[in-house]
Amino acid sequence: MEEKTNTAKPTTAVAKTQESVADMVLQRVTTMENGGELTLPEGYHVGNALKSAWLYLQSVRDKAGRPVTESCTKSSIANCLLEMVIRGEHPMRHCYFIPTGNQLSFFEKYTGKLMRAKRDTEIADVSAQVVYKGDEFTYTVDENGRYQLVSHKTSIQNMTPANIVAAYAVVVNRDGTRHLEVMTIDMIRAAWGQGAAKGNSMAHRGFTDQMAKKSVIARACKVALESTSDGYSAPSDEREDYMAEPHKEIEREQANVSIAAAAPTETDPYELAADDAESEVDVKVEGKEDDSARKCPV
């Protein structure tokens with residue numbers, strides 16, 4: 001009689017180990033809350049966020065095609081989940097996780113920074129615009145040393161990617177005051193150069209204006225967030241990855257990873273339809289056909 005091999009036990013053991021990571025993070029967060037070390041945003045449900053993150057992690061795979069929940073260390077996974085919770089964010093909507101070797105790393109999306117700036121700082125709104133060659137763009141410095149927009153006159157004839165010379169973001173505070181964040185195209189490209197694709201991804205080439213707006217808004221949010229009383233800032237912010245974050249694809253040679261991620265739950269005017277990595281390698285999405293030819297939803 002042929003002996004049957006039972007493969008259920010190892011699978012069950014792995015599943016239990018994986019679930020224990022989320023449970024461990026939940027316990028740690030609870031301890032921090034009870035000890036007054038952490039105050040979560042009103043309406044933020046840690047349990048739901050962790051469940052959502054764990055479901056998302058099931059679709060993320062490393063270069064070898066293995067689930068990161070199996071190939072990455074337990075501590076690195078726990079740190080990513082804790083980082084997400086501390087920021088009061090949700091996976092895909094505000095952040096994502098990228099494996100490099102056996103380590104899982106946390107990356108905050110542009111939408112996460114904007115959400116936190118509106119929630120945790122005096123910022124009420126941020127809007128951006130691109131300045132093209134031939135535009136009449138004037139700004140000044142007020143008595144507090146802040147840039148202020150005077151006027152911006154443009155023409156549809158100027159609106160081509162090759163004509164972009166700068167981008168700016170108007171920051172409106174809750175008290176009605178406002179100021180300007182300005183970046184030249186050289187400053188923007190220098191920031192993009194710190195990313196995996198060096199500013200040469202399909203997003204940067206095809207939607208340069210939108211990526212420029214995204215960069216200057218992210219910079220404005222970063223300045224506000226670093227000025228908060230707790231001074232909380234992630235290691236990725238210190239490298240200024242906020243202006244060159246992985247977007248639709250990620251360079252396989254540099255990040256050593258192929259990501260499988262679902263499309264965002266909501267469309268943002270400064271985000272592409274799928275925005276979980278950046279480079280010249282298409283993102284693989286489990287259970288979906290290749291959609292590398294997606295259009296910008298703007």
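Let us start on the surface: strands β5 (136–141) and β6 (147–153) each give at least two residues to a nonpolar patch. Its members are Tyr 139, Val 141, Tyr 147 and Leu 149, with about 340 Å² of accessible area together. (Strands are DSSP runs of E, at least two residues, and helices are runs of H or I, at least four, numbered from the N terminus; a patch like this joins nonpolar side chains within 5 Å, from residues with over 30% relative accessible area and no salt bridge.) This is a predicted model, where local features need pLDDT of at least 70 and side-chain atom pairs count only at pLDDT 80 or more, while totals for chains, interfaces and linings use all residues. Residues are numbered from 1 along each chain, and side-chain values use heavy atoms, without hydrogens or water.

Tyr 139 sits in strand β5. Is it buried or exposed? Tyr 139 is partly exposed, because its relative accessible area is 36% (buried means under 20%, exposed over 50%, with a 1.4 Å probe and protein chains only).

Now step inside. The largest nonpolar core has 32 residues, and Leu 81, Met 84 and Phe 97 have the most contacts inside it. (Such a core is a set of buried Ala, Val, Leu, Ile, Met, Phe, Trp, Tyr and Cys residues joined through side-chain atoms within 4.5 Å.) Among the elements giving two or more residues to this core are α1 (8–34), α4 (74–87) and β2 (95–100). Apart from this core lies another, of 25 residues, including Val 171 and Met 183.

Finally, find Asn 200 in the loop between α6 (185–192) and α7 (202–206). Asn 200 is partly exposed, because its relative accessible area is 43%.

Notes. Patch = residues over 30% accessible without salt bridge, like charges linked within 9 Å, V, L, I, M, F, W, Y side chains within 5 Å. Areas by Shrake-Rupley, 256 points an atom, 1.4 Å probe, with all protein chains shown as cover. Salt bridge = Lys/Arg side-chain N within 4 Å of Asp/Glu carboxyl O.
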